[in-house]
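Trainee: Please take one part of this model and go through it closely, strand by strand. Then place that part in the rest of the chain.

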Amino acid sequence: MSAAQGVNEQGHTVEIAAPDIEPYREGNTGVPFVATLDSGTEGPHALICALMHGNEISGAVALDHLFRQGISPQRGRLTLMFANTAAYGLFDPAKPLASRYVDEDMNRLWSPEALDDANNSVERRRARQLRPFIDAADFVLDLHSMQTGRRPLHLSGPTDKGRVFARRVGGAATIVSDVGHADGTRMRDYGRFNTPGTIQNALLAECGPHWELQTAKTAVSTAYRFLSVLDLLSPDAVPEWLEDSPPAQTWIEITDRFVPETRQASFARRFDGLDIVADAGTVIAWDGDREIRTPYDDCVLVMPARRLLPGQTAVRLGRHRGFDIDAG
Ligand SMILES: [Zn+2]
């Protein structure tokens, strides 16, 4: 992780350098930028994905770190995957928002319908290359960063098993349980990850604000936590700085989303993420003439977007719920 590169013309501070991932192009799987480390013994197949969004470089920092440490699983298999390498190749610290994807959002394509259709975007072609690894993985950690909000989030998906797994991975993240987006399926919601009663599980980790040094550190520590929980790393392979954290006592149940229908959508005031709006019925946004109100007291606003666009999630609405005492 190298030093600050200053504030660019778009007003964003890019504190971390995008690592050179060219050494990982070859991999060992026949698919570029995908490597599988096999312990040769029984155990789960874990997969860590970085760069589902090409400009979320903290995930690439974490995988680069793991490769440089020469980690190897003590059981099972570990696949390390750089997803949207085409978009990442376009990353420019002067315009860091521009390289989220090339043709379309790769994290909206993880359904058989989208993967099997005739569309041949850059992202669909890459997702089809990656699909067999996601099909084969028992546990997936998908490393992201975010546009608004400071506190890391574990997006656990809608099931009990997803929430319990997010809690076991732990760290300083707030657990958010949701069903994803209106405009396509996330990788974490793909296949058996949301099927109750199967072991397969996935966690989407929003490690903090885009391009901050602390976000990259959180991505590294989240990767270690994930591997530790699965017993893929022996305790002495886990760095000492990986601090203990008390298990989360609550999680946020997402009950509603605001998805604008018009190009005249705006928030009623600035929201920074995890804002709590005390009173039910408070207007939080407008979509043309339509008022968007909170459905209940103490409504939590999760990941408000900076730009409100028709058809794209502008903010999720939820409420805190307690974990059962014996959960996970
Ligand atoms: Zn992302």
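Mentor: Strand β9 (residues 265-267) and strand β11 (residues 283-287) run antiparallel and are joined by three bridges. The model is a predicted one, and what follows describes that prediction. Within this pair, the residue opposite A265 is D287 of β11.

β11 also pairs with strand β12 (residues 290-293), again antiparallel, through four bridges. D287 takes part here too, with R290 as its bridge partner in β12. D287 is therefore a useful residue to find on screen, because cut-offs aside it can be followed to A265 in β9 and to R290 in β12. β11 and β12 make a hairpin with two residues between them. One residue of that turn, G288, has a positive phi of about 65 degrees.

Just before β11 comes the loop that links it to β10, and G281 lies in that loop. G281 has a relative accessibility of 28%, so it counts as partly exposed. Leaving out residues up to four places away in sequence, G281 touches R293 and T294. R293 falls within β12, which covers residues 290-293. G281 can also be placed relative to C299: the two are 18 residues apart in sequence, and their C-alpha atoms are 10.0 Å apart in space.

C299 leads on to strand β13, which covers residues 299-302. Strand β10 (residues 275-277) and β13 run antiparallel and are joined by three bridges. In this pair, I276 has V300 of β13 as its bridge partner. β13 also pairs with strand β14 (residues 315-322), antiparallel and over three bridges. There, L301 is matched with L317 in β14. V300 thus points the reader to the pairing with β10, and L301 to the pairing with β14.

What happens on the two faces of β13? In a regular strand the side chains alternate between the two faces of the sheet. In β13, C299 and L301 lie on one side, while V300 and V302 lie on the other. These four residues are all buried, and both faces of the strand are covered.

Next comes M303, in the loop between β13 and β14. Its phi is near 50 degrees, a positive value in a residue other than glycine. Most residues other than glycine have a negative phi. M303 has 16% relative accessibility, and because this is under the 20% cut-off, it counts as buried.

A second residue with such a phi is found elsewhere in the chain. D231 has a phi near 60 degrees, and it too is a residue other than glycine. D231 lies in the loop between α6 (213-229) and β8 (250-258). At 37% relative accessibility, D231 counts as partly exposed.

Two further residues show what surrounds a buried position in other elements. T174 belongs to strand β6 (residues 174-177) and counts as buried, at 11% relative accessibility. Beyond its neighbours within four places in sequence, T174 is in contact with R151, P152, L153, H154, I252 and L274. Among these contacts, I252 lies within the range of β8, which is 250-258. Y88 lies in helix α2 (residues 85-88) and is buried as well, with a relative accessible area of 7%. Its contacts, again without neighbours within four places, are A18, P19, I21, L51, G54, I57 and A60. Y88 and V220 are 132 residues apart along the chain, and their C-alpha atoms are separated by 19 Å.

Now the chain as a whole. The protein chain has six helices and 14 strands. Its radius of gyration is 19 Å, and the globule rule gives 20 Å for 328 residues, so the chain is as compact as a globular protein of that length. The C-alpha trace spans about 60 × 45 × 45 Å along its principal axes. Of the 328 residues, 53% count as buried. Among contacts with a separation of 6 or more, 68% are between residues 24 or more positions apart. The exposed area of the chain is about 14400 Å², of which carbon and sulfur atoms supply 47%. The chain has 34 positive and 44 negative charges, and the mean positions of the two sets are 2 Å apart.

Definitions and conventions: Residues are numbered from 1 along each chain as its sequence is written. This is a predicted model: local features need pLDDT of at least 70, side-chain atom pairs count only at pLDDT 80 or more; totals for chains, interfaces and linings use all residues. Side-chain values use heavy atoms; hydrogens and water are left out. The radius of gyration is taken over C-alpha atoms; the globule rule is 2.2 Å times the number of residues to the power 0.38. Buried means under 20% relative accessible area, exposed over 50%, partly exposed in between (1.4 Å probe, protein chains only). Contact means heavy atoms within 4.5 Å. Accessible areas come from the Shrake-Rupley method with a 1.4 Å probe; for residues, only the protein chains shown count as cover. Lys and Arg count as positive and Asp and Glu as negative; His and the chain ends are not counted. The place of a charge is taken as NZ of Lys, CZ of Arg, CG of Asp or CD of Glu. Two strands pair if DSSP finds at least two bridges between them.
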